[in-house]
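This report introduces a single site and then widens the view to its surroundings. Please look at the sequence and the structure before reading on.

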Amino acid sequence: MINHTKIEPQLQNALKATPRELIQSPELAFGSSTGVNAVPEWDVILRYSGEWDNIQSALPEMEYTLLLGQYAIARLTEQELYSISTLPQILFVEKTKRFYYELYHNKDLFHSPDTLRVQQQSTSLSGRGVLVAIIDSGIDYFHPDFRNSDGTTRIVKLWDQNLSPDPSRDFFSPEGYRLGVVFDAQHINRALSAPTAQESLAICPSTDRSGHGTFVAGVAAGNGSSSAGIFRGVAYEADLLVVKVESASLQTDTGTGSLMQAIDFCVRESIRRGQPLSINLSYGNSYGSHAGTSLLEKYIDSIFDFAKCSISVGSGNEGAAPGHTGADHTVRGRNELFITDFVTSLSVQLWKNYLTDINLEILTPSMEALYVTNMPGVSRYRIGNTTLLVAYGEPTPYSPFQEIYMEFFPDSSYLAPGIWQFAVNSTGSRDPAYELWLPVESAISGSAAFLQPDPYLTLTIPSSSTGCITVGAYDSATDTYAPFSGRGEFRQAQTGQAPRLPWSAHPQKPDLVAPGVEITSCAVGGGYTQRTGTSMATPFVAGSAALLMQWGIVEGNDPFLYGEKLKAYLCKGARPLPGFSQYPNPQVGWGALSLADSFPS
């Protein structure tokens with residue numbers, strides 16, 4: 001029997017779902033594959049204690065990758081998951097989650113010119129001696145902005161997690177990892193010197209089909225060669241370290257396991273090279289407590305124990321989306337969710353204080369009622385023509401919160417359209433706060449919306465990590481907050497109301513904002529293009545972090561200028577934006593990036 005106290009609710013639901021239900025729900029099915037003898041396998045994240053050898057000896061056939069800080073990525077059958085959950089060394093198990101680019105598509109709302117490209121602001125720094133890591137959709141390594149004046153590459157290593165190792169072509173996975181192919185600078189330079197593009201791609205076949213990673217790399221560290229320096233990036237002489245993870249928008253999926261391995265690879269490379277490291281992450285999803293308690297976020301918090309580094313993460317584009325609500329946003333004491341036609345499945349998370357006991361009632365558009373039992377583990381319910389899987393979680397060693405993860409499956413092709421209602425009633429005198437989240441808007445394509453949405457607590461995961469620099473977006477043409485930018489919590493001091501415990505104990509996020517509306521940067525195939533979103537704001541900060549580390553660590557002014565100290569310098573230097581009187585605040589944090597003011601006087 002599964003130890004449900006160690007296995008997160010989404011994975012519990014996935015293990016209980018039928019094959020048909022997994023087909024209906026891409027979120028539940030994500031990370032699953034068919035292994036030997038057609039046995040389903042799951043990609044999971046493990047947090048363990050003690051010696052790994054004791055775990056491996058219990059499951060000698062397990063495929064795994066060990067990460068820094070006693071984390072591991074493993075591929076396990078259902079039976080192996082049941083077995084591993086009983087081991088005392090295993091602390092917690094999460095299913096790998098799908099991630100999405102933090103790219104905002106509704107650009108018709110904005111018409112600002114590209115008035116601000118480089119945040120150097122009179123500094124003479126260039127990023128020399130610092131590693132800037134781009135974990136994204138890859139990079140167009142042919143682009144002149146990522147090459148030196150002699151035509152050689154500025155990329156020290158490129159790990160493409162999608163390619164398959166092939167010893168006959170000198171293609172190997174990086175040491176210690178089980179996926180993809182890594183190319184060093186020598187390999188890339190051989191490709192660049194080939195007479196034709198076809199021959200180049202035979203030597204180094206890594207490409208960037210979406211252009212997202214190429215764009216982000218240009219903002220953080222492009223040298224502007226194709227524009228005579230006009231569209232030069234921030235840390236334009238930094239060394240580039242690139243990891244291509246799978247792109248969800250291209251039907252090959254980016255997951256938390258891939259991101260954790262990418263971070264691990266970059267940190268180890270930084271240690272090996274003896275260089276400070278600035279990592280850019282422009283990915284996110286909405287699954288989690290939004291208080292920094294997921295294994296990915298805990299892993300991010302831990303890496304500052306191993307290397308002199310900084311991680312900049314976009315706050316996501318859910319600030320104006322109808323995907324979050326809570327106890328303060330009800331109609332007749334109920335949270336109303338509108339579901340459109342042709343929805344094949346839907347997941348809803350409810351997070352609450354474990355100390356609070358609740359009754360949960362769900363009503364269909366035809367007012368059929370279902371009372372959900374307060375029972376740990378997975379329960380299967382029937383309501384109208386819908387099957388409902390509900391996993392009731394428990395607190396973990398890293399989180400005091402309780403999750404109720406609900407997955408809706410229609411008997412026919414589609415869920416009943418109309419208004420579904422969630423009535424959540426506290427049964428005691430303890431604080432009745434709770435939060436409800438849908439998947440990110442790009443995942444559900446507008447197929448569901450809370451009718452009384454709450455724009456706060458809309459940071460995407462992992463931007464609610466305590467250790468990362470959480471970056472929101474503002475419009476540099478109008479000097480105003482970009483309303484799509486993910487927001488933190490509305491605090492008691494700002495509202496005069498009771499805090500929404502226990503989230504109020506979490507540090508205020510985002511940390512600051514950077515330009516994120518109609519930014520110009522590198523395009524695949526050469527030249528430049530414009531994009532909007534917190535994906536575009538984040539590399540301004542990642543590049544700025546590299547400049548601070550060059551000044552502090554490389555040039556010897558402050559050998560400890562990384563991690564929380566670097567974040568504090570950036571936040572102290574942030575400038576106020578019109579319309580905000582109190583800082584930090586849940587929209588723009590401490591204000592807009594102002595690198596020149598972030599250096600100590």
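A polar contact is a pair of N or O atoms within 3.5 Å, and within protein one of the two must be able to donate a hydrogen and the other to accept it. In this predicted model, such a contact, with a length of 2.7 Å, links the side chain of glutamate 407 to that of serine 25.

Glutamate 407 belongs to strand 21, which covers residues 401-410. Although glutamate 407 is buried, no salt bridge is found for this residue, and the nearest side chain of opposite charge, that of lysine 95, lies 8.7 Å away. Leaving aside residues up to four places away in sequence, the residues that glutamate 407 touches include Asn13, Ser25, Leu28, Ser347 and Thr387.

| Partner of glutamate 407 | Relation | Distance |
|---|---|---|
| serine 25 | side-chain polar contact | 2.7 Å |
| lysine 95 | nearest side chain of opposite charge | 8.7 Å |

Strand 21 is part of an open sheet of six strands, arranged in the order 14-23-16-21-20-19 with antiparallel pairing. Strand 14 (324-326) and strand 19 (377-383) stand at the edges, and because each has a single partner strand, one side of each is left without a neighbour in the sheet. From one strand to the next, the twist averages 20°.

Within this sheet, strand 21 pairs with strand 16 (residues 346-353) in the antiparallel sense over eight bridges, and lysine 352 stands opposite glutamine 402 of strand 21. Helix 1, made of residues 9-16, lies across strands 19, 20 and 21, and runs at about 140° to strand 20 (386-392).

Note on methods:
Residues numbered from 1 in each chain as written. Predicted model: local features only at pLDDT ≥ 70, side-chain atom pairs only at ≥ 80, totals over all residues. Heavy atoms only, no water. Helix = DSSP H or I, 4+ residues; strand = E, 2+ residues; numbered from the N terminus. Buried < 20%, exposed > 50% of the residue type's maximum accessible area, 1.4 Å probe, protein only. Lys, Arg positive; Asp, Glu negative; His and termini not counted. Salt bridge = Lys/Arg side-chain N within 4 Å of Asp/Glu carboxyl O. Contact = heavy atoms within 4.5 Å. Pairing = 2+ DSSP bridges. Axes fitted to C-alpha atoms, helices over the stretch in contact; angles between N-to-C directions.
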